[in-house]
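Thanks for sharing this one. Here are a few notes to read alongside the model, starting with the empty space inside and moving on to the ligand.

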Amino acid sequence: MSNALWVERNAAAVANTYGRYPIALVRGEGCRVWDADGKEYLDLVAGIAVNNLGHCHPKVVAALRAQAGELIHCSNLYHIPQQIELAEWLCGHCFADRAFFCNSGAEANEAAIKLARKASRERHGEGRGEIVTALMSFHGRTLGTIAATGQEKVRAGFDPLMPGFRYVPFGDLTALEAAITPATCAVMLEPVQAEGGIIVPPAGYLQAVRELCDRRGLLLIFDEVQTGIGRTGTLFAHEQEGVTPDIMSLAKGLAGGPPIGCMLATAEVMQHFQPGSHASTFGGNPLLAATALAALKTLTEDGILEHGRAMGAYFRAQLEELAASVPGVLGVRGRGLLLGLELASEGAGIVQQAMARGLLINCTVGTVLRFVPPLVISREEIDRAVALLRELLTAAGGH
Ligand code: PLP
């Protein structure tokens, strides 16, 4: 089967919800993937910040295989040792005391929204269900999370929307303070806005938000679906800000590829979830929990987290040099291996040309090339990617 045939069959059978490139990926190893025609690519998309350990990391594959032969799924009606171990590991590595497992980032955020509302009601009485989020945020595609997302384009056409969200410019503390009303129960933010164009907030902003939440009796939710699991150079991005949330959502890189989501909270907050409050059939099942635990241990015990941090600094330095010398490249932003290159014009053409030359990159908000490679990427691979980008962007001549 060729790329062309898969493209044809896709159009006839799969919902047209994605603007897909005309290749079908069939195999991956480390930072490389191959398409159905046998062409090799250096993958700086990594499933959009999912394949943090590289494609088919042997320890992820081994954990999946081993657990698949023992017990793939059982209901959350029973205790699940792998889920318990994963929860213990996660709570041992962050502010949280309790974990709820689900299957995606949007679901983790749904759980966070439900918990914030319920906890606030039970603590402060009725009338506190509003959540303030940021403009240009992205929290998912379910009905609750599109309402939470501060981008009109993801909400258009799906009204009536779930009420109870207010949006403020990211990084603007005064606007946030002004948006808080007696009905507000929480503030929900990405520590670095990813889909919104790789926006790092001003220094001290998240700390000030934490103080504001404490002062006004609000819960602070960090959506670390994209920034978590080593993506920004530390296990969680908020570690670099000297601030902890009350609730955090995770997904994407949590199991090194396979789908799992998680909502973490302090014991004080999570006590407001009781049997019947929330549930997920597949959430934290033995297969995914065992794989996530193996992926997290691999990330932290095999030096991959530190390697990713070092490669983030190296990649950034190379991109800064490129930005300084190529017309039409306005700047570099991001943290760790969540990097964006801002262009003066649309980036879609560069993405296409890079793909034709064997490099997979992505573009967000039209003009920002996004790089979220596996954390195992090498200097040589970064050099190769930057050399090609330099060539393509120079040829584009700043247009
Ligand atoms: N939150 C953030 C910050 C994300 O970047 C994403 C996906 O890109 C989501 C939530 C939604 O995650 P999922 O697609 O797994 O539902």
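1. The largest cavity is lined by Asn-52, Leu-53, Ile-229, Gly-253, Leu-254, Ala-295, Leu-296 and Leu-299. Please keep in mind that this is a predicted model. Of the lining residues, six are nonpolar and two are polar, with no charged residue in the set.

2. How much space lies in the largest cavity? About 30 Å³. Searching the whole structure turns up one cavity of 30 Å³ or more.

3. Now to the ligand, which has 13 residues around it. The closest are Gly-105, Ala-106, Asp-223, Gln-226 and Lys-252. By character, the shell around the ligand splits into six polar, four charged and three nonpolar residues.

4. Which helix gives the largest share of that shell? Helix H5, spanning residues 105-124, supplies three residues.

5. You may like to look at the polar contacts one by one. From the backbone, an N or O atom of Ala-106 sits 2.8 Å from an oxygen atom of the ligand. Phe-138 also takes part through a backbone N or O atom, which lies 3.3 Å from a nitrogen atom of the ligand. Gln-226 uses its side chain instead: a polar atom there is 2.8 Å from a ligand oxygen atom.

6. How much of the ligand does the protein bury? On its own, the ligand exposes 390 Å², and the protein buries 80% of that.

Notes
Residues numbered from 1 in each chain as written. Predicted model: local features only at pLDDT ≥ 70, side-chain atom pairs only at ≥ 80, totals over all residues. Heavy atoms only, no water. 1 Å grid on protein atoms, 1.4 Å probe; cavity = no way out; pocket = protein on both sides within 12 Å on 5 of 7 lines; lining within 4 Å. Points joined across faces, edges and corners; volume = space filled by probe spheres on them. Nonpolar A, V, L, I, M, F, W, Y, C, P; charged D, E, K, R; others polar. Near = heavy atom within 4 Å. Polar contact = N/O pair within 3.5 Å; in protein donor to acceptor, adjacent residues only side chain to side chain. Areas by Shrake-Rupley, 256 points an atom, 1.4 Å probe, with all protein chains shown as cover. Helix = DSSP H or I, 4+ residues; strand = E, 2+ residues; numbered from the N terminus.
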